[in-house]
Amino acid sequence: MTVALAHQLVEGPTTDAETVVLIGSLGSDRSMWNPQVGPLSASLRVLAVDLRGHGASPVPPGPYSVADLAEDVLALLDSLDLQRVHLVGLSLGGAASQWIAIHRPERMRTLTLLCTSAKFGEPAQWLDRAAAVRAAGTASLADAVLDRWFTPALAGRDTDLVDRHRRMIVDTSDEGYAACCEALSDWDSRADLGRISSPTLVIAGRQDPSTTPEDLKIIADGVTGSTFRVLDPAAHLANVEQAGPVTTAIAAHIGSDPYAAGRAAAHDTGMTVRRSVLGDAHVDRSISARTEFTAPFQDFITRNAWGDIWNRPGLDHHTRRLLTLAILTAVGNQHELDMHIRAALRAGLAPDELAEVFLHTAVYAGVPNSNSAFALANAAIAETSADTETSSS
């Protein structure tokens, strides 16, 4: 019999956005996915789940099976009228995700498996752990679990993160934890991996002692056409330790870009500033000359130089022009300097100000470069004067 799972549903940017479901580790709650929820929700509907016995979900008496856990997830999808989803599972959540992919493939769009296994060791170790938790509680094994969740380097430099996740383990129901240990004791999907037909991404943590890269490689080899990645450094909760790479990998596998909206906004802002500083004619020529090879660099400059640095409130554009001219003079970048001199003149910067910039730079950065700057400016001033005379005659 299924139970109604506690969950967090973050709606995507559109009503028809596809849904990604995040299912976590033994001893965790849905907050373990916080690093992924925000970025992914920029382009997807995101559903983070507490498995039975975990977080705020019900705790029926054990033992449980992985099939029980998976059927709970499917019942939740039915209640939310979600027919096909992108499924992401880590550890215990990865086992439940495998079960759904094997037995209910029609509910799947893609599958991402992190730090999980087709078989989690020998049954006795899980039955022993279940008995220990029922006898002494989850607090008794919290430190041992944390040693597997994070690399020593991360644990050493971020004690707040360790403390938050210790509370997550301690707050897990003793019976829920123990019953899920029993579910893992008889889990073995090795013979069925070939039945998984969904596009599958498999991610391991190089330093994960619980589900090693070799364990994940068994899954990757068993699922036809799967993609296998190993993150380094990363232990069992790779989605926390390597949050950015994991989020990016999930989004790429799904075919979504969680940062697209932010990049688009930065590009639009940058283009406005770029046109304001350099002028429409120059920017239009640059865009028309853009090729498939140079487009990524053009986008990078527009977003970061113009959308970020030039748009910061600390200095106005006039001051930034003068700084840019001085720096380009100092480093001897004549091509960029010529472009900025001409842009400055078009924007109404007085030749006397140009001269002051180049004189000042001569003192602190050298006479030869400033001499070259004077020559470039002199030519640009002469051309600008000639253009003005032609247009007025």
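# Exercises on a predicted model

Of the 393 residues of the protein, 46% count as buried. The model is predicted, and the exercises below take its overall form, its annotated spans and its internal spaces in turn.

## Exercise 1. Overall form

Task: Set the radius of gyration of the protein against that of a compact globule of 393 residues, and describe the extent of the C-alpha trace.

Solution.
1. For a compact globule of 393 residues, a radius of gyration near 21 Å would apply.
2. The protein itself has 29 Å.
3. The C-alpha trace extends over about 90 × 40 × 35 Å along the principal axes.
4. In secondary structure, the protein holds 18 helices and seven strands.
5. Among contacts with a separation of 6 or more, 76% join residues 24 or more positions apart.

## Exercise 2. Two annotated spans

Task: State what helix and strand content is found in residues 19-241 and in residues 297-378.

Solution.
1. An unreviewed UniProt entry lists residues 19-241 as "domain: AB hydrolase-1".
2. This span is 44% helix and 15% strand, and its end C-alpha atoms lie 24 Å apart.
3. For residues 297-378, the UniProt annotation, also from an unreviewed entry, reads "domain: Carboxymuconolactone decarboxylase-like".
4. Here the chain is 83% helix and 0% strand, with 31 Å between the end C-alpha atoms.

## Exercise 3. The largest pocket

Task: Determine which helices supply at least two residues each to the lining of the largest pocket, and which of them gives the largest share.

Solution.
1. The largest pocket holds about 590 Å³ of space.
2. Its lining comprises 24 residues, and those nearest the centre are Leu-278, Trp-306, Glu-336, Met-339 and His-340.
3. At least two lining residues come from each of helix 12 (260-278), helix 13 (280-288), helix 14 (295-309), helix 15 (317-331) and helix 16 (334-346).
4. Helix 16 provides the largest share, seven residues.
5. By class, the lining consists of eleven nonpolar, six polar and seven charged residues.

## Exercise 4. The second largest pocket

Task: Characterise the second largest pocket by volume, central residues and lining.

Solution.
1. The volume of the second largest pocket is about 210 Å³.
2. It is lined by 16 residues, with Trp-126, Arg-129, Arg-148, Ser-210 and His-236 the closest to its centre.
3. Helix 4 (123-136), helix 5 (142-149) and helix 8 (174-185) contribute at least two lining residues each.
4. The lining divides into seven nonpolar, seven polar and two charged residues.

## Exercise 5. The cavity

Task: Establish how many cavities of 30 Å³ or more the structure contains, and describe the lining of the largest cavity.

Solution.
1. Searching the whole structure yields one cavity of 30 Å³ or more.
2. The volume of the largest cavity is about 50 Å³.
3. Its lining is formed by Ile-23, Gly-24, Ser-25, Ser-28, Asp-29, Arg-30, Met-32, Trp-33, Val-49, Asp-50, Leu-51 and His-54.
4. These residues comprise five nonpolar, four polar and three charged.

## Exercise 6. Asn-304

Task: Is Asn-304 buried, exposed or partly exposed, and how far is Asn-304 from Ser-370 in sequence and in space?

Solution.
1. Asn-304 belongs to helix 14.
2. The relative accessible area of Asn-304 is 30%.
3. Buried requires under 20% and exposed over 50%; Asn-304 is therefore partly exposed.
4. Between Asn-304 and Ser-370 there is a separation of 66 residues in sequence, and their C-alpha atoms are 28 Å apart.

Notes:
Residues are numbered from 1 along each chain as its sequence is written. This is a predicted model: local features need pLDDT of at least 70, side-chain atom pairs count only at pLDDT 80 or more; totals for chains, interfaces and linings use all residues. Side-chain values use heavy atoms; hydrogens and water are left out. On a 1 Å grid over the protein atoms alone, a cavity is a set of points where a 1.4 Å probe fits but cannot get out, and a pocket is an open set with protein on both sides within 12 Å along at least five of seven lines; lining residues have an atom within 4 Å of a point. Grid points are joined across faces, edges and corners, and a volume is the space filled by probe spheres set on the points. Ala, Val, Leu, Ile, Met, Phe, Trp, Tyr, Cys and Pro count as nonpolar, Asp, Glu, Lys and Arg as charged, and the others, Gly among them, as polar. UniProt positions are given in the numbering used here, feature names are shortened, and annotations may be inferred rather than shown by experiment. Helices (H or I, at least four residues) and strands (E, at least two) are DSSP runs, numbered from the N terminus. The radius of gyration is taken over C-alpha atoms; the globule rule is 2.2 Å times the number of residues to the power 0.38. Buried means under 20% relative accessible area, exposed over 50%, partly exposed in between (1.4 Å probe, protein chains only). Contact means heavy atoms within 4.5 Å.
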